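Reader: Hey, I've got a protein open on my screen and I'm a bit lost. Could you walk me through it?

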Amino acid sequence: MPRFFCPACWHDFDEDLVHCPSCATEILIFWDSKDRVEKLVLALHRPEPTTPLRIPWLLGKMGDSRPVAALIETIRSAEDIYLARAAVRALGETGSPEAMGFLESLSHHPVKMIRRDVLKILEGSKGVG
Ligand SMILES: [Zn+2]
């Protein structure tokens, strides 16, 4: 059976409800009020064991700096190293000063895969900017 989620508080339920039983948000209205970037940022927070790796990827490709804080939070809290890595790359794609500053702070990350990606991004950004 498909599960339905409230995009405001991520309470889940079995039926397609108009109002969230937990926070009373009017689900469709809430969702429709969000643009594509905001929807992806919300999806990034969806409490699932595996957040789709394409979400950070898509956010990075959109060249919008609004998701930077959410991506940083994802890297800080991700237990899935592949998700953290996808968020690292997405931050690199945004090219925002905040994103680059955070990536620099990861240049001694304990996970080699992350460290390598971070260094590659930082080297690339020096060449351009
Ligand atoms: Zn809710």
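Author: Sure, we'll start with the whole chain and then go through some parts of it.
Author: This is a predicted model, where local features need pLDDT of at least 70, side-chain atom pairs count only at pLDDT 80 or more, and totals for chains, interfaces and linings use all residues. Residues are numbered from 1 along each chain as its sequence is written.

Reader: OK, how many helices and strands does the protein have?
Author: The protein has seven helices and two strands. Those are DSSP runs numbered from the N terminus: helices are H or I with at least four residues, strands are E with at least two. Reading from the N terminus, the order is β-β-α-α-α-α-α-α-α.

Reader: And what does the C-alpha trace span along its principal axes?
Author: About 50 × 25 × 20 Å.

Reader: Which domains does the assignment give?
Author: Domain 1 covers 1-33 and domain 2 covers 35-128. The bounds come from an automatic or database domain assignment. Taken over C-alpha atoms, the centres of domain 1 and domain 2 are 27 Å apart.

Reader: What share of the residues is buried?
Author: Buried residues make up 26% of the 129 in the protein. A residue is buried if 20 or more other C-beta atoms lie within 10 Å of its own, exposed if 12 or fewer, and partly exposed in between, with C-beta atoms placed from the backbone.

Reader: Let's pick a helix. Which residues of α4 are buried?
Author: In α4, which runs over residues 68-77, the buried ones are Val-68, Ala-70, Leu-71, Ile-72, Thr-74 and Ile-75.

Reader: What do those buried residues of α4 pack against?
Author: They pack against α2 (36-44), α3 (54-61), α5 (81-94) and α6 (97-105). Contact here is when the C-beta atoms of two residues, placed from the backbone, lie within 7 Å.

Reader: How do people describe two packed helices?
Author: By the angle between their axes and the distance between the axes. Axes are lines fitted to C-alpha atoms, for helices over the stretch in contact, and angles run from 0 to 180 degrees between N-to-C directions.

Reader: So are α4 and α5 roughly parallel or roughly antiparallel?
Author: The axes of α4 and α5 come within 8 Å and cross at roughly 150°. α4 and α5 are therefore roughly antiparallel to each other. The cut-offs are under 35 degrees for roughly parallel, over 145 for roughly antiparallel, 65 to 115 for roughly perpendicular, and oblique for the rest.

Reader: Which residues meet there?
Author: Val-68, Leu-71, Thr-74 and Ile-75 from α4 meet Leu-83, Ala-84, Ala-87, Val-88, Ala-90, Leu-91 and Thr-94 from α5. Sorted by class, that contact of α4 with α5 has nine nonpolar, two polar and no charged residues. Ala, Val, Leu, Ile, Met, Phe, Trp, Tyr, Cys and Pro count as nonpolar, Asp, Glu, Lys and Arg as charged, and the others, Gly among them, as polar.

Reader: And how do α3 and α5 cross?
Author: Their axes come within 7 Å and cross at roughly 5°. That makes α3 roughly parallel to α5. The residues of the contact of α3 with α5 are six nonpolar, two polar and three charged. Pro-56, Trp-57, Leu-59, Gly-60 and Lys-61 are the α3 residues, meeting Ala-86, Ala-87, Arg-89, Ala-90, Glu-93 and Thr-94 in α5.

Reader: Back to Leu-91. Is it buried or exposed?
Author: Leu-91, in helix α5, is buried, because 29 other C-beta atoms lie within 10 Å. Leaving aside neighbours within four places in sequence, Leu-91 contacts Val-68, Leu-71, Ala-99, Phe-102 and Leu-103.

Reader: What about Asp-32, buried or exposed?
Author: Asp-32 lies in helix α1 (residues 27-32). Asp-32 is exposed, with 9 other C-beta atoms within 10 Å.

Reader: New topic: what's the phi of Trp-10?
Author: Near 65°, which is a positive value in a residue other than glycine. Most residues other than glycine have a negative phi. Trp-10 is in the loop between β1 (4-5) and β2 (12-13), and counts as partly exposed with 15 C-beta neighbours inside 10 Å.

Reader: And Ala-24, what's its phi?
Author: Phi of Ala-24 is near 70°, also positive in a residue other than glycine. Ala-24 is in the loop between β2 and α1, and with 10 C-beta neighbours inside 10 Å it counts as exposed.

Reader: Last one: what does Ser-22 touch?
Author: Not counting residues up to four places away in sequence, Ser-22 touches Cys-6, Cys-9 and His-11. Ser-22 is found in the loop between β2 and α1.
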